[in-house]
Amino acid sequence: MDSGCHFCIGIILMLIFNDIESLNFSEINLHPDHLPYYFNLFKEIGKQCLEETTCPYKNNVGKPGCWSYVNNCSQNESYSTPSCPGDHKGWVSSKQSQIDTFFMQGDFGYIGEQQNELMVICEPNFAADSSLICSKHLRYCQGRNIKIDFKDLINRKDPIRYKMDVLTQGKIGGFCNLHQSRLDEECDHISPLQSWGPELRYFTSLTKQPAGTSETSECDVVIDKPTYIMKIDASKAPA
């Protein structure tokens, strides 16, 4: 086994409750102000909370509130309402157009757009298989049981910031049915920060589960908690 170079990511960019019936309410780690929005989004969990005597959040179930990217979320119940106090002239035709543009490009509207665009890139046959879904141009993706191999970075001397060869052929994949033509079609925004195209263009279909059991796992590290993978935008170099 190579030293600390293979990672099996259980979940990428997505929060999933695999078994609602076994949910431990003490594991809900949210700001109190966000609890009504959480229970309105996951209604089955809210229903279970009302039915179980051990749930300490009953007062938060049924309160109005919805994340602004959710379909049918009314403005008076949404988490926030965009405000654009500056002059709209020279940018758009009206104040409302200015607000709508901000909502779709820099607010919850952008999240909703990415969610609505999600398509299957690598399809599982069974619940335990790997999976990968992405929005158009691979700007946003959700995955499960993905293998990422970083061993080539150990001996790399050059800085990898803004590099598009951090992952190469065979360094990322999953045990699922890859829709190769769809992946190729969406790999049209290849630049360091614009999409996940530079990394996911090398995604391959594996012949077995990457994590498997402790005896068969190909990974040095297995991450089985909800995990976010992000690209760092322009930042100031340390002094």
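1. Glu186 sits in helix α5, which spans residues 180–186. The model is a predicted one, and in it Glu186 counts as buried because its relative accessible area is 3%, under the 20% cut-off. Beyond its neighbours within four places in sequence, Glu186 is in contact with Met119, Lys136, His137 and Leu138.

2. Leu183 lies within the span of that helix, residues 180–186. Leaving out residues up to four places away in sequence, Leu183 touches Ile121, Leu138, Leu178, Leu200, Arg201 and Phe203. Leu138 therefore appears in the contact lists of both Glu186 and Leu183, by the criterion of heavy atoms within 4.5 Å.

3. Next, the cores. The largest nonpolar core has 19 residues. Which of its residues touch the most other members? They are Ile121, Leu132, Ile172, Leu183, Leu200 and Phe203. Strands β2 (119–123), β3 (131–134) and β4 (141–149) each supply at least two residues of this core. Another core lies apart from it. That one has eleven residues, including Ile28, Leu35, Cys49 and Cys55. As a general matter, nonpolar side chains in soluble globular proteins tend to be buried together.

4. Helix α2 covers residues 43–51, and its buried residues are Ile45, Gly46, Gln48 and Cys49. Seen down the axis of α2, the buried residues fall within an arc of 160°, so they line one face of the helix. The general geometry is that an α-helix has 3.6 residues a turn, so residues three or four places apart point the same way. On α2, the face turned away from the buried side carries exposed Lys43, Glu44 and Glu51. Helix α1 (35–41) is part of what covers the buried residues of α2. Cys49 of α2 is buried and is also among the members of the eleven-residue core.

5. Val70 belongs to the loop between α2 and α3 (95–106). Is Val70 buried or partly exposed? It is partly exposed, because its relative accessible area is 27%, between the 20% and 50% limits. Val70 and Leu41 are 29 residues apart in sequence, with a C-alpha to C-alpha distance of 8.3 Å.

6. Finally, the overall picture. The protein has six helices and eight strands. Along the sequence they run β-α-α-α-α-β-β-β-β-β-α-α-β-β. Of the 239 residues, 35% are buried. Among contacts between residues at least 6 apart in sequence, 63% join residues at least 24 apart. The accessible surface is about 14900 Å², and carbon and sulfur atoms account for 53% of it.

Methods
Residues are numbered from 1 along each chain as its sequence is written. This is a predicted model: local features need pLDDT of at least 70, side-chain atom pairs count only at pLDDT 80 or more; totals for chains, interfaces and linings use all residues. Side-chain values use heavy atoms; hydrogens and water are left out. Helices (H or I, at least four residues) and strands (E, at least two) are DSSP runs, numbered from the N terminus. Buried means under 20% relative accessible area, exposed over 50%, partly exposed in between (1.4 Å probe, protein chains only). Accessible areas come from the Shrake-Rupley method with a 1.4 Å probe; for residues, only the protein chains shown count as cover. The arc is that of the directions from the helix axis to the C-beta atoms. A nonpolar core is a set of buried Ala, Val, Leu, Ile, Met, Phe, Trp, Tyr and Cys residues joined through side-chain atoms within 4.5 Å.
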